[in-house]
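Welcome to this short tour. Please open the structure in your viewer and keep the selection tool at hand.

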Amino acid sequence: MNIDRLDVDLAVVGSGGAAFAAAIAAARKGRTVAMIERGTVGGTCVNTGCVPSKALLAAAHARHVAAAQPFPGISTQAGQVDLRVLVAGKAALIERLQAQKYTALAAEYGWDILAGTATFATEHAAPVLRVELEAGGGVTVTAAHYVVATGATPRIPTIDGLFDTGYLTSTTAMELDRLPRSLIVIGGNSVGLEQAQLFARLGVRVSIVEAMPRLAPFDEPEVSATIEQIMRDEGIAVWTGTTVAAARRGDNGRTLTTIQHGATGELRAERLLMATGRTPMTEGLNLAEVGVDVGPRGEIVVDDRMRTRNPRVWAAGDVTGHPQFVYVAAAHGALVADNAFDGADRALDYRHLPRVTFTSPAIASAGLTEVDAVQQGHHCACRTLPLEYVPRALVDRDTRGLIKLVADADTGRLLGAHAVADGAGEVIAAAVYALANDMTVQQIADLWSPYLTMAEGIRLAAQAFTRDLSKLSCCAA
């Protein structure tokens, strides 16, 4: 094989949010960049994650509202779904964003994207990348610094018969051209909840199976109870505290053998969707050759500056095992460039990191849960405000949900905020600023808040620390 050579300041393996953030930051510093991608440019978010799932969720929400809108005097109805056309529209959106936000940016900043598979090697005890090009031939890439930003892939647990049974993931489910009559979703955290509601609202009979005792198991118990009731109200069957012992395929679909509270049962559906988390992608990189360690969950081991054990090799984004959000990945990428080329020695603060699950209503949180606060030694004070006390929810005729604030009882300082609401992400964005500035619930209660916004619920929840809920005015001052 003819081996050419390419020497740059930064070599990036991957082309998602972390990879592009690192490359852009390096290019802005006048550094040369090479990027290697073995699949589709853009990574998980634009191709198989955030963008396609939220686009289809928005479509499913539109159909749901047409089928069950709450306003008197308005008549709507939801017709059949042409999934082939819907998925084609999603694909067109992805193609446009991929061109605008990724390939065009690489061209604008002046770096090459090599289509091929990268493997680490050493020359004279220094790391290099051997790149087997998709078009044939190869390139040896040498760089002052390397960043691995290869992301993560769906994690599939070991279940007897599962691979022979056949299953969908959140990626392949969004490529279907026909809706199944019924669907079992294994996994009741964010991806499982989004996919379950998406398909249910498109007219599929859906069941969720979750091994832990509640849906959204890492959120507040009040949040879990609320979202479970919402799912059930929309016709989704919920099986919590249920493990899957075996799977098999028959003429009429898939059958799962389940265990709940020691009792064995069976669940049947036409299709099966696995939503059991994601695993960092490091296979084939030959990381050990350059002294890069991999942790017990398959993640690349980094310090808080995103450095691996090799001082010239860095990692960023989902492959590090950090929270799997594209905004975390982007922050990692920029941090790597600053630390590698400027000696900035920066680290990230995750204490107020917001998290959103895009169900409808959405789930969002930032800061500590009540259990976290107690474990960290806080004397905890909490208030939960049902949305029936939030004017925006009342006029929208949708009071499903709540806002919960966690505070330190001794100082009154806000420690965490959690919401189930339409627009919960915007509610939590307001809470992030309060958390980052160490505000007390009294300070939040005294702030201005625009009336008839969902974010006003943060202020009303803060007022609930000092007022009886029944005494909160519709236009509380």
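Start by selecting helix 3, which gives 4 residues to the lining of the second largest pocket, the largest share of any element. Keep in mind that you are looking at a predicted model.

Now bring up the pocket itself. Its volume is about 320 Å³, and 16 residues line the second largest pocket. To find the centre, select Phe358, Thr359, Ser360, Ala362 and Gly423, the lining residues that lie nearest to it. Next, colour helix 3 (50-68), helix 7 (190-201) and helix 12 (424-436), the elements that each give two or more residues to this lining. What is the mix of nonpolar, polar and charged residues in the lining? Colour by residue type and you will find 6 nonpolar, 6 polar and 4 charged.

Our next stop is a hairpin. Select residues 253-260 for strand 12 and 263-269 for strand 13; the two run antiparallel and are joined by 7 bridges. To see one pairing, pick Arg254, whose bridge partner in strand 13 is Ala269. Then move to the turn, where 2 residues sit between the strands. One to click on is His261, which takes a positive phi near 55°.

Finish with the cysteines. Select Cys380 and Cys382: why is there no disulfide between them? The sulfur of Cys382 has its closest cysteine sulfur in Cys380, but at 3.5 Å that is too far for a bond, because a disulfide needs the sulfur atoms within 2.5 Å. Across the whole structure, the search finds 0 disulfides. Last, select Cys50, which is partly exposed, with a relative accessible area of 30%.

Notes: Residues are numbered from 1 along each chain as its sequence is written. This is a predicted model: local features need pLDDT of at least 70, side-chain atom pairs count only at pLDDT 80 or more; totals for chains, interfaces and linings use all residues. Side-chain values use heavy atoms; hydrogens and water are left out. Buried means under 20% relative accessible area, exposed over 50%, partly exposed in between (1.4 Å probe, protein chains only). On a 1 Å grid over the protein atoms alone, a cavity is a set of points where a 1.4 Å probe fits but cannot get out, and a pocket is an open set with protein on both sides within 12 Å along at least five of seven lines; lining residues have an atom within 4 Å of a point. Grid points are joined across faces, edges and corners, and a volume is the space filled by probe spheres set on the points. Ala, Val, Leu, Ile, Met, Phe, Trp, Tyr, Cys and Pro count as nonpolar, Asp, Glu, Lys and Arg as charged, and the others, Gly among them, as polar. Two strands pair if DSSP finds at least two bridges between them.
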